[in-house]
Amino acid sequence: MISILKILFTIGVIIVVYLGFKYRWRLTDMTRAAARMTGADVRPPGPPRSGPPVVQDLVPCRKCGAYIASGTTCSCEKS
Ligand SMILES: [Zn+2]
């Protein structure tokens, strides 16, 4: 059964998420504008792109069959 409270809660969650994204966009815009003003080179956020992206081979775990990066231990073996 749908109650008024559930509808209001859903609308509230949507508004909070929207405001969060709006704040984040404004923050990135301000960072870019500040970088432009100071004359620093403007780069998109994230790791610096130098060379090809790092690729790791995945190998199936012998116990559970989950695919893990080669050289690492599966979470099922840690415990
Ligand atoms: Zn495993």
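**View 1. The whole protein chain runs α-β-β-α along its sequence.** This is a predicted model, so keep that in mind for each view below. In total, the protein chain has 2 helices and 2 strands. Of its 79 residues, buried ones make up 0%.

**View 2. Helix α1 covers residues 4–38.** Here's a quick sanity check on its geometry: with 35 residues at 1.5 Å a residue, α1 should span 51 Å. Its end C-alpha atoms sit 51 Å apart, so expectation and model agree. As for burial, the count for α1 is 0 of 35 residues, which means that the helix lies largely in the open.

**View 3. Gly39 comes right after α1.** What is the sign of phi at Gly39? It's positive, with a value near 90 degrees.

**View 4. Ser75 belongs to helix α2, which takes in residues 75–78.** Is Ser75 buried or exposed? Ser75 has 11 other C-beta atoms within 10 Å, and the cut-off for exposed is 12 or fewer, so Ser75 counts as exposed.

**View 5. Ser75 and Cys61 are 14 residues apart along the chain.** In space, 9.6 Å separates the C-alpha atom of Ser75 from that of Cys61. The Ser75 end of this pair is in α2.

Conventions: Residues are numbered from 1 along each chain as its sequence is written. This is a predicted model: local features need pLDDT of at least 70, side-chain atom pairs count only at pLDDT 80 or more; totals for chains, interfaces and linings use all residues. Helices (H or I, at least four residues) and strands (E, at least two) are DSSP runs, numbered from the N terminus. A residue is buried if 20 or more other C-beta atoms lie within 10 Å of its own, exposed if 12 or fewer, and partly exposed in between; C-beta atoms are placed from the backbone. The expected span of a helix is 1.5 Å times one less than its number of residues.
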